[in-house]
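Got the viewer open? Switch to a cartoon view, keep the selection box handy, and let's take a walk.

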Amino acid sequence: MDVPGPVEPEEPDELERLRRRAYGRDADITGDPAAQARLAELEAARHRERAPGVDAAAAVPAPAPERGPLPEPAEEPPSADGIDGAPVARRRRRRLAILGVAIAAVFVNAILITVMWPHPPNYGLAPDYILGQKFITPPDFVLQLVSDGADADEPEDPHGALNRLGLDSEEMRRFENFGYLSVWSGESRYGTTCVLVAHPVQGLNEGIHAEACSPGGQVTIADLTQSPPESLTRFVLRESRVDVYVYDRATDPIAPEG
């Protein structure tokens with residue numbers, strides 16, 4: 001079988017003429033498929049003439065060598081600006097977060113202490129309480145201690161007043177009743193001394209009742225107001241008794257006349 005030799009141009013300027021039709025200013029070869037095929041044929045022949053001795057095997061590109069696994073990048077040493085490789089910005093955000101949590105905890109504790117700490121009684125309600133925790137008039141009634149500790153009658157506590165005030169029901173002291181009201185006192189876990197007045201059946205913080213706590217060493221006073229009639233009954237805790245003062249607006253010595 002004869003191997004076809006290189007394609008010779010029919011005339012010397014045929015390749016140049018086809019190139020002008022393909023690449024020149026007035027190119028018109030796109031509409032002539034036969035001319036395009038002839039141009040490709042002549043270009044291939046010219047290329048073979050310029051590179052003699054190159055066989056088909058040499059023209060086939062050699063396969064690329066196989067690439068081995070890329071080496072892992074070496075770990076950078078910890079930066080001098082951070083601890084354990086953490087950048088300074090991350091450490092700063094962590095410190096700010098911890099500081100924010102601490103401030104929030106202090107704020108919440110302050111609110112809880114303000115809400116739970118018993119408020120002192122209003123000493124200006126009755127006329128005979130003066131500076132130095134002394135009374136200028138004797139009490140109207142004196143309630144003596146009846147039982148102390150485990151022997152005391154535990155008050156009814158439907159609303160959890162004892163737990164709110166920090167009192168232990170088994171360590172309460174009970175005094176004589178004032179009319180239909182019972183009177184208790186106790187030392188709280190917050191370091192305060194409390195006086196509780198309530199109906200023995202209804203219980204603490206139910207119906208007619210009064211309560212007050214004061215820091216250790218201070219006189220504890222619980223005021224019970226009733227309206228109508230507008231009156232005030234003050235319970236003053238002593239060491240082993242409760243002094244009771246009863247005030248009516250009509251007999252109040254400092255009430256305005258008229």
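What follows is a set of stops, each with something to select and a note on what is there.

**Stop 1: the whole thing**

Keep in mind as you go that this is a predicted model. With everything shown as cartoon, you should be able to pick out 5 helices and 10 strands. Colour by burial if your viewer can do that: of the 258 residues, 28% count as buried. For contacts with a separation of 6 or more, 48% come from residues 24 or more positions apart.

**Stop 2: the sheet**

Now select the strands. Which order do they take across the open sheet? Reading across, you get β7-β6-β5-β4-β3-β10-β9-β8, so eight strands by the order given, with antiparallel pairing. Go to the two ends of that order and select 209-215, which is β7, and 221-226, which is β8. These are the edge strands, and each pairs on one side only. Turn the sheet so that you look along it: the twist averages 20 degrees from one strand to the next.

**Stop 3: β3, β4 and β5**

Select 141-148 for β3 and 173-178 for β4. The two run antiparallel and are joined by 3 bridges. Show aspartate 148 and you will find its bridge partner in β4, arginine 173. Stay on arginine 173 and look at β5: there, serine 185 stands opposite.

Add 181-187 to the selection to bring in the whole of β5. Between β4 and β5 there are 4 bridges, again antiparallel. How many residues lie between the two strands of this hairpin? There are 2, and glycine 179 in the turn has a positive phi of about 65 degrees.

**Stop 4: β9 and β10**

Next, select 231-237 and 241-248, which are β9 and β10. This antiparallel pair has 7 bridges. Show phenylalanine 235 as sticks, then valine 244, its bridge partner in β10.

While you are here, show arginine 238 and aspartate 243 too. Their side chains meet in a salt bridge, with 3.2 Å from N to O. Is aspartate 243 buried or exposed? Aspartate 243 is buried, at a relative accessible area of 2%, whereas arginine 238 is partly exposed at 23%.

**Stop 5: serine 214 on the edge strand**

Jump back to β7 and select serine 214. Serine 214 has a relative accessible area of 4%, which makes it buried. Follow its side chain to the backbone oxygen of glutamine 218, which it reaches at 3.4 Å. Leaving aside residues up to four places away in sequence, serine 214 touches Thr192, Thr193, Val219 and Thr220.

**Stop 6: helix α1, face by face**

Leave the sheet and select 14-23 for α1 and 33-50 for α2. Show Glu14, Leu15 and Leu18, the buried residues of α1. Now look down the axis of α1: these residues fall within an arc of 95 degrees, so they line one face of the helix. What do the buried residues of α1 pack against? They pack against α2. On the other side of α1, show Arg20 and Tyr23, which are exposed.

**Stop 7: salt bridges between α1 and α2**

Keep both helices on screen and add the charged side chains. The structure holds 9 salt bridges, and two of those to look at here involve these helices.

For one of them, select arginine 38 and glutamate 14, whose side chains meet at 2.9 Å, N to O. Arginine 38 belongs to α2 and glutamate 14 to α1, so this pair links parts of the chain that are distant, 24 residues apart. Both ends are buried: arginine 38 has 17% relative accessibility, and glutamate 14 has 6%.

For the other, select arginine 19 and glutamate 43, where the N to O distance is 2.8 Å. Because arginine 19 lies in α1 and glutamate 43 in α2, the pair ties together parts that are 24 residues apart in sequence. Here the ends are partly exposed, with arginine 19 at 27% and glutamate 43 at 25%.

To finish, select Glu14, Arg38 and Glu41 together: salt bridges with shared partners join these residues into one network.

Definitions and conventions. Residues are numbered from 1 along each chain as its sequence is written. This is a predicted model: local features need pLDDT of at least 70, side-chain atom pairs count only at pLDDT 80 or more; totals for chains, interfaces and linings use all residues. Side-chain values use heavy atoms; hydrogens and water are left out. Two strands pair if DSSP finds at least two bridges between them. Axes are lines fitted to C-alpha atoms, for helices over the stretch in contact, and angles run from 0 to 180 degrees between N-to-C directions. A salt bridge is a side-chain nitrogen of Lys or Arg within 4 Å of a carboxyl oxygen of Asp or Glu. Buried means under 20% relative accessible area, exposed over 50%, partly exposed in between (1.4 Å probe, protein chains only). A polar contact is a pair of N or O atoms within 3.5 Å; within protein, one must be able to donate a hydrogen and the other to accept it, and residues adjacent in sequence count only if both atoms are side-chain atoms. Contact means heavy atoms within 4.5 Å. The arc is that of the directions from the helix axis to the C-beta atoms.
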